[in-house]
Amino acid sequence: MMPPRDRLDGHIVENQPGAPGEADLWHDDAPLRLYARTGDHAALAGFGAALGQGGTRELGLAAGRNPPELVTFDRAGRRLDEVAFHPAYHALMALGLGAGYAALPWSGARGGHVSHAAMVYLMTQVEPGVCCPMTMTYAAVPALVADPDVSAQWRPKLTMAAYDPATVPLGRKRAATMGMAMTEKQGGSDVRANTTRAVADGDGYRLTGHKWFCSAPMSDGFLTLAQAPGGLTCFVVPRWLPDDTRNAIHLMRLKDKLGNRSNASAEIEFHNTYALRLGAEGDGVRTIIQMVHHTRLDTAMAPAGLMRAALVEARHWCEGRRVFQRRLIDQPLMRAVLADLALDWEGALALGLHVARAFDGPGEHDRAFARIGVALAKFLSNKRCPVVIYEAMEVLGGMGYVEDTPLPMLFRESPLNSIWEGSGNVICLDILRTLARDQGAAQAVRDELHAASGADPRYDAALRDHAAQWPALPPEAEARWFAERLAVLLTASVLIRHAPAAVADGFVATRVAGARGHVSGAVAGLDTEALIARI
């Protein structure tokens, strides 16, 4: 590609850094390679290299700028209930699913969930919208265990490392995707208030009702909840009936969302819609929570990827921009800001992948820690994400506020993973319930916290203060304070044990010991050289 002209009529374009250019998202990210050490490095290296190519980034731009379109009817007025996507969306889906995004955790390979979580982190840096259908497909697999017959039908297609976008019955597809439709207008996160009804019909059921949010509405099937005679029950709703005709899943409209533009989210209605029961009647929440648990891993990892993408842009700008006769990267105040933001990003990355290792673990202690750790990681990392991306945007000044850079897209995306799969208050209440009811999870998080004891007196003092502040679980009104502090301490424990000294010391000093102001960059004493070098 020929470079653009910088000598224009009347002026010369200078002191304007261009786009960062191609990169290897795996090789260039030393913290990722450190914390994903138990993952499939060959798969991650190939995926990271492919994502960093200029052509892949162009696909991401095209997918985001050409949102999906609802196709309700054909020209003759027959119902289709389909969503049309730009070719770039399909290309990115093929890249992700072909790399094993949804398949690796279920292949039996070592470190499958760590590899998957790292792929979420990597894909999010290029085009986060396509992650939703791939995440739903990954997360549906453990829920299918509730019915061996349904699992035998769906699991082989969901765990195939391939993408088949054809709108045809499951039996004619090489690979399949699975979406989720759980919440309704009147209840939202309170799914027990759902009013969709399920009536037995031969070997299946018929559903009547609606769903206010259907994730990935062009999937081959959906997990959903409906009220059966025995109570709230989980169902698999296939796109096609057993006779290979279309099931009555009516797509009413697509959500006009703040961000996540490449991905479709729909309002749907069930009109005597065929479904297969998954698990016993009345066990709906217990069954579908397996899917929710695994999607939460992805919503804990995605903010780390978003923050990484924003910080790479900010560092690149600072290295190429001169202000007041000095490069921005050499100015002490800017270095303090970048180093402080780097701690938020690396803390989120380290904690997320540490939790992912627990998903891979074989023992009950691992599973117990995964249950509580994923909620803590999701809460803290998503609360920090919009702040980090806004600050990175401000580093670029006015340039960061225009669509010529990825920062507006990243900023629009930044609230999403906190809202999906349990918003802040829901997650905090889940944390309290888990610690109250699940002694294994409570013990697991205590073990994780005390594993770093003795390494830093400031951390040890903070653990004692935390126990003194909350000798028992807090009242509900203090749930956010409690969850934030617990998540910060857990992140510090992970960094003390696994991160370089500059990272662990900086995090403890500014997040645990509290030696800082309230805004980003209001810090002192950080090893800015070491921290900025990790971006």
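A residue counts as buried when its relative accessible area is under 20%. Thr38 has a relative accessible area of 19%, so Thr38 is buried. The structure described here is a predicted model. Thr38 is found in the loop between helix H1 (30–35) and helix H2 (41–51). Beyond its neighbours within four places in sequence, Thr38 is in contact with four residues by name: Arg110, Gly111, Val114 and Arg357.

Aromatic pairs were sought next. A search of the whole structure finds five of them. One is formed by Phe85 and Tyr89. Their ring centres are 3.9 Å apart and their planes stand at 10 degrees, so the pair is stacked. Phe85 and Tyr89 are both buried. Another pair joins Trp470 and Phe482. Here the ring centres lie 5.4 Å apart and the planes are at 90 degrees, so this pair is edge-to-face. The pair links distant parts of the chain, with the two positions 12 residues apart in numbering. Trp470 is in the loop between helix H15 (457–469) and helix H16 (479–498), while Phe482 belongs to helix H16. Trp470 counts as buried, at 9% relative accessibility. Phe482 has a relative accessible area of 6% and is buried as well. Ring pairs also bring in Trp481, and link Trp470, Trp481 and Phe482 into a cluster.

Charges over rings were examined too. Lys255 lies over the face of Trp212, at 3.3 Å from the ring centre. The charged end of Lys255 also sits over the ring of Phe213, 4.6 Å from the centre of that ring.

Open pockets come next. The largest pocket has a volume of about 1,700 Å³. Its lining is made up of 46 residues. Nearest its centre lie Ile289, Val292, Arg296, Val426 and Asp430. Five elements each supply at least two residues of this lining: strand E7 (204–215), helix H8 (284–320), helix H10 (364–395), helix H12 (416–419) and helix H13 (424–437). H8 gives the most, with nine residues. By class, the lining of the largest pocket holds 21 nonpolar, 12 polar and 13 charged residues.

The second largest pocket has a volume of about 1,400 Å³. It is lined by 49 residues. Ala19, Pro20, Arg57, Glu313 and Pro406 lie nearest the centre of this pocket. Helix H3 (54–65), H8 and helix H11 (407–413) each supply at least two lining residues. The largest share, seven residues, comes from H3. The lining of the second largest pocket has 20 nonpolar, 13 polar and 16 charged residues. H8 thus appears in the linings of both the largest pocket and the second largest pocket.

Enclosed space was treated separately. Two cavities of 30 Å³ or more are found in a search of the whole structure. The largest cavity holds about 190 Å³ of space. It is lined by 19 residues, and Cys131, Cys132, Thr135, Asn417 and Trp420 are the closest to its centre. Helix H5 (112–124), helix H6 (131–143), H8 and H12 are the elements that give two or more residues to this lining. H8 provides the largest share, five residues. The lining of the largest cavity divides into 10 nonpolar, six polar and three charged residues.

The second largest cavity holds about 30 Å³ of space. Leu97, Ala102, Ala103, Thr137, Leu158, Met160, Ala161, Ala162 and Ala176 line this cavity. Eight of these lining residues are nonpolar, one is polar and none is charged.

Note on methods:
Residues are numbered from 1 along each chain as its sequence is written. This is a predicted model: local features need pLDDT of at least 70, side-chain atom pairs count only at pLDDT 80 or more; totals for chains, interfaces and linings use all residues. Side-chain values use heavy atoms; hydrogens and water are left out. On a 1 Å grid over the protein atoms alone, a cavity is a set of points where a 1.4 Å probe fits but cannot get out, and a pocket is an open set with protein on both sides within 12 Å along at least five of seven lines; lining residues have an atom within 4 Å of a point. Grid points are joined across faces, edges and corners, and a volume is the space filled by probe spheres set on the points. Helices (H or I, at least four residues) and strands (E, at least two) are DSSP runs, numbered from the N terminus. Ala, Val, Leu, Ile, Met, Phe, Trp, Tyr, Cys and Pro count as nonpolar, Asp, Glu, Lys and Arg as charged, and the others, Gly among them, as polar. Rings of Phe, Tyr and Trp (its six-membered ring) pair if their centres lie within 6.5 Å; planes under 30 degrees apart count as stacked, over 60 as edge-to-face and the rest as tilted. Buried means under 20% relative accessible area, exposed over 50%, partly exposed in between (1.4 Å probe, protein chains only). A charge sits over a ring if NZ of Lys or CZ of Arg is within 6 Å of the ring centre and within 35 degrees of the ring normal. Contact means heavy atoms within 4.5 Å.
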